[in-house]
Amino acid sequence: MRDLEKVLNKKKINKRELLELLNLSSTPEIKKLYQAAYRTKLKYVGNTVYFRGLIELSNLCTKNCYYCGIRKSNTKNERYTLEKKEVLTLAKWANDNDYGSIVLQAGERQDKKYTAFITELIRQIKKKTHDKLGITLSLGEQSAATYKKWFAAGAHRYLLRIETSSPKLYKKLHPADHSFHKRVNCLRTLKKIGYQVGTGVMIGLPGQTIANLVKDILFFKKLDIDMIGMGPYIPHADTPLFHAPQLFDKKDRLELGLKMIAVTRLYLKDINIASTTALQTLHNLGRELGLQAGANIIMPNLTPREQRKKYLLYEGKPCLDDSQEFCKKCLGQRIKKIGEKIGYGQWGDSPHFKKKKI
Ligand code: SAH
Ligand code: SF4
């Protein structure tokens, strides 16, 4: 690429340059991109990795996204919902092990019994950990009233991926009753309520172009997003999208996933970016590579092993048989090996969000 060094050192990269960076194909140039993103990360968020202990609360889902292994119509899935007591024990473990915060994630349900269960759960987690443990929710689209209740109960971050910022592609990935605009409105509502808001996309989807990915990054900026959780799309055999022609192979999807992290870091600078488990599905060192390309958040899985195997959004999810203790030790070693620190006992809020509050 012409002027690569110059572009990598620019304060504000333009749209054409975003496209050129995502299209980089020579190994030395891609390496330069990752190095520049890493420098930006050090400058704006530092080399501390924050943990979010992931609790996959339930694989029951009322929706039918074409790419997802726990979609409602996948009858091969044995369904579960963790008991309140189990979740409280996991949250306590996270707190005792200085994880700083947890993420409660599940398929989407909007019935009253369920939303009330979540409200109570958030309240009790906060009480049990004396307000110390931060709570991020990733529970899909809900009414403003529900989001408000959960916020009042003590959750302070919410992750809702837009999946793709192209309404046209969104339509191809979801049944007719799933709405792109509703999802965008949810993101706006969450922000208004006061949550730190995270979004993200899947990378390497059938029908997705590099130009789509550029627009995704511009979408993150336009919505003034505080955190990003994005990762490669990984096909699941029991989903309709599995049969769609694949534009990207495994290697491309891994590389594109890392390039997206790097370019997003260069463009948005002071936000939190997760190095997602999907990266590790494609490469044993995927999550470390994500950190080295500009990510600063890791979500160690806390879900009990028995249920973890049933929460298969995609195939080949790693660490299915590892205990919480093992994951903690293993991740600790992996992070140390690449010269980074772990922000034990801290919420690790996005500097971008903190700045807005001042
Ligand atoms: N039901 C909630 C949260 C659980 S799904 C929601 O949809 O927001 C969490 C994320 O898993 C989704 O946002 C999607 O981006 C990701 N996901 C689902 N299927 C996937 C697949 N096949 N490959 C990669 N990521 C996938
Ligand atoms: Fe349900 Fe989320 Fe999977 Fe869609 S992506 S089917 S909402 S769990």
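This short presentation covers the overall build of the chain, its salt bridges and one charged surface patch.

Good morning, colleagues. Please bear in mind that the structure before you is a predicted model.

I begin with the fold as a whole. The chain contains 15 helices and ten strands. Its radius of gyration is 19 Å, close to the 21 Å given by the globule rule for 358 residues, so the chain is as compact as a globular protein of that length. The C-alpha trace spans about 60 × 40 × 40 Å along its principal axes. As for burial, 60% of the 358 residues count as buried.

I turn now to the charged side chains. Side chains of opposite charge can pair when their charged atoms come close. How many salt bridges does the structure hold? There are 24 salt bridges in the structure, and I shall present three of these pairs.

The first pair I wish to show is Glu56 and Lys317, whose side chains meet in a salt bridge at 2.9 Å, N to O. This pair links distant parts of the chain, 261 residues apart: Glu56 belongs to strand β1 (residues 48-58), while Lys317 sits in the loop between α13 (305-308) and α14 (324-337). Are these two residues buried or exposed? Both Glu56 and Lys317 are buried.

Next comes the salt bridge between Glu141 and Lys182, with the closest N and O atoms 3.8 Å apart. Glu141 is in the loop between β3 (134-138) and α6 (144-153) and Lys182 is in helix α8 (residues 180-193), so the pair ties together parts that lie 41 residues apart in sequence. Glu141 counts as buried because its relative accessibility is 2%, whereas Lys182, at 43%, counts as partly exposed. Both residues also belong to a network of salt bridges that links Lys63, Glu108, Glu141, Glu163, Lys182 and Arg183.

Helix α8 appears again in the pair of Asp224 and Lys191, whose side chains meet in a salt bridge at 3.9 Å, N to O. Asp224 lies in the loop between α9 and β7 (227-232), Lys191 lies in helix α8, and the two are 33 residues apart. Asp224 is partly exposed, with a relative accessible area of 26%, and Lys191 is likewise partly exposed, at 35%.

Finally, I come to the surface. Which residues form a positive surface patch? The patch is formed by Lys148, Arg188, Lys192 and Lys222. Of these, Lys222 lies in helix α9 (residues 210-222). Lys222 counts as exposed because its relative accessibility is 67%, and exposed means over 50%.

Thank you for your attention.

Key
Residues numbered from 1 in each chain as written. Chains lettered and ligands numbered in written order. Predicted model: local features only at pLDDT ≥ 70, side-chain atom pairs only at ≥ 80, totals over all residues. Heavy atoms only, no water. Patch = residues over 30% accessible without salt bridge, like charges linked within 9 Å, V, L, I, M, F, W, Y side chains within 5 Å. Areas by Shrake-Rupley, 256 points an atom, 1.4 Å probe, with all protein chains shown as cover. Salt bridge = Lys/Arg side-chain N within 4 Å of Asp/Glu carboxyl O. Lys, Arg positive; Asp, Glu negative; His and termini not counted. Charge placed at Lys NZ, Arg CZ, Asp CG, Glu CD. Helix = DSSP H or I, 4+ residues; strand = E, 2+ residues; numbered from the N terminus. Buried < 20%, exposed > 50% of the residue type's maximum accessible area, 1.4 Å probe, protein only. Rg over C-alpha atoms; globule rule 2.2 N^0.38 Å.
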